[in-house]
Amino acid sequence: MNKRKIMIAPSILSARFTHLEEDALRAEKGGADMLHLDIMDGHFVPNISFGPAIVKQLRPFVSIPFDTHLMISHPLEYIEKFADAGSDWITVHAECDDCISKSISMIKDLGVKTGLSLNPPTPFSEARDHMEDLDLLLIMTVNPGFSGQKFMTEVMDKLKEAKTFIDENDLDIDIMVDGGIGRQNADVVTRNGGNMLVAGNAAFGGDEPIASNITAIRKKALEGHL
C-alpha cells in the first residue's frame with residue numbers, strides 16, 4: 001500500500017481579497033504545504049474568481065507551491081497562461097468541454113504537475129483511462145462553485161475506489177479532496193484514502209489564527225491516515 005504524505009492546501013478563495021498577499025503569507029508561515037487556487041469562469045460554475053494576472057502578481061511573495069484548480073469549460077485556452085503565471089500544479093475537470101487527453105498532455109508538456117478532478121456525481125471510471133498520466137486526482141466532496149458547502153460523505157466510496165486502484169496498479173498519484181473539509185472531518189478523508197486536503201473557510205475563517213487552523217486540520221487528518 002502506498003502511504004502518501006498528508007498535505008494541507010488552504011484555498012485562497014476564502015482569504016480576504018483586499019489582503020490577499022498578507023493572507024497567503026499567513027498560510028505559508030502557518031504551515032500550509034501549498035496554496036489552492038480555485039479558478040472559476042462563470043460558465044463551468046456560476047461564479048467568477050480570478051485569472052492568471054492575479055496568480056502572477058502573488059507568485060513572487062509566496063514560496064510554497066501553487067495548486068491551480070481550473071473549474072472552467074475550456075482549459076486548453078488557459079493552461080499555458082496559468083503555467084506561465086507560476087502554477088506548480090494544474091488540475092482540469094473531467095466534465096469540461098475540452099478534450100481531457102489533450103488538456104493533460106498540454107500540462108505535462110509544460111513541466112507542471114498534472115491533475116484531473118471529478119465532481120461528486122462523476123464516477124471514478126471517468127478517470128480510469130487517464131490515471132497513468134496523472135500526478136494528482138482531485139475528488140470533489142461538494143458541488144464546485146461556492147465555498148462553505150456541507151461535506152458529502154457519500155463521495156467516500158469513490159475515494160476508496162480510487163485509492164484501491166492506485167495501490168493495485170502501483171501508481172505515484174496523490175489524492176486531493178476538496179469541499180467542506182475541516183478539523184471535524186479531516187480524519188474521514190484520510191481514512192478513506194485522501195492525502196491532500198483543501199481547506200477554505202476551515203483554514204481562513206473563524207476566530208483562530210490560520211496557523212492554529214492548519215495545525216488542527218493536520219492533527220485530525222493524521223488520526224485517520226492510511
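The exercises below, each with a worked solution, concern a predicted model of a protein.

**Exercise 1. Overall build**

Task: State how many helices and strands the protein has, and decide how its radius of gyration compares with the globule rule.

Solution:
- Step 1. The secondary structure consists of nine helices and eight strands.
- Step 2. For 226 residues the globule rule gives 17 Å, and the radius of gyration of the protein is 16 Å, close to that value, so the protein is as compact as a globular protein of that length.
- Step 3. The C-alpha trace spans about 40 × 40 × 30 Å along the principal axes of the protein.

**Exercise 2. Burial, surface and charge**

Task: Find what percentage of the residues count as buried, then describe the exposed area and the charged side chains.

Solution:
- Step 1. Buried residues make up 56% of the 226 in the protein.
- Step 2. The protein exposes about 9900 Å², and 48% of this area comes from carbon and sulfur atoms.
- Step 3. There are 34 negative and 22 positive side chains, with the centres of the two sets 6 Å apart.
- Step 4. Take the contacts between residues at least 6 apart in sequence: 65% of them join residues at least 24 apart.

**Exercise 3. The setting of Ser73**

Task: Locate Ser73, decide whether Ser73 is buried or exposed, and list its contacts.

Solution:
- Step 1. Strand 3 (66-71) and helix 3 (79-85) are joined by a loop, and Ser73 lies in this loop.
- Step 2. The cut-off for buried is under 20% relative accessible area. Ser73 has 3% relative accessibility, so Ser73 counts as buried.
- Step 3. Beyond residues up to four places away in sequence, Ser73 touches Asp41, His43, Phe44, Cys96, Asp97 and Asp98.
- Step 4. Two of these neighbours can be examined by polar atoms. The side chains of Ser73 and His43 make a polar contact at 2.4 Å. A polar atom of the Ser73 side chain also lies 3.4 Å from the backbone nitrogen of Phe44.

**Exercise 4. The setting of Lys108**

Task: Place Lys108 in its element, classify its accessibility, and identify the backbone atom that its side chain reaches.

Solution:
- Step 1. Lys108 belongs to helix 4, residues 100-109.
- Step 2. Partly exposed covers the range between 20% and 50%. Lys108 counts as partly exposed because its relative accessibility is 39%.
- Step 3. Apart from neighbours within four places in sequence, Lys108 contacts Thr114 and Asp133.
- Step 4. The backbone atom is the oxygen of Asp133, which the Lys108 side chain reaches at 3.4 Å.
- Step 5. Asp135 is 27 residues from Lys108 in sequence, and their C-alpha atoms are 9.6 Å apart in space.

Conventions: Residues are numbered from 1 along each chain as its sequence is written. This is a predicted model: local features need pLDDT of at least 70, side-chain atom pairs count only at pLDDT 80 or more; totals for chains, interfaces and linings use all residues. Side-chain values use heavy atoms; hydrogens and water are left out. Helices (H or I, at least four residues) and strands (E, at least two) are DSSP runs, numbered from the N terminus. The radius of gyration is taken over C-alpha atoms; the globule rule is 2.2 Å times the number of residues to the power 0.38. Buried means under 20% relative accessible area, exposed over 50%, partly exposed in between (1.4 Å probe, protein chains only). Contact means heavy atoms within 4.5 Å. Accessible areas come from the Shrake-Rupley method with a 1.4 Å probe; for residues, only the protein chains shown count as cover. Lys and Arg count as positive and Asp and Glu as negative; His and the chain ends are not counted. The place of a charge is taken as NZ of Lys, CZ of Arg, CG of Asp or CD of Glu. A polar contact is a pair of N or O atoms within 3.5 Å; within protein, one must be able to donate a hydrogen and the other to accept it, and residues adjacent in sequence count only if both atoms are side-chain atoms.
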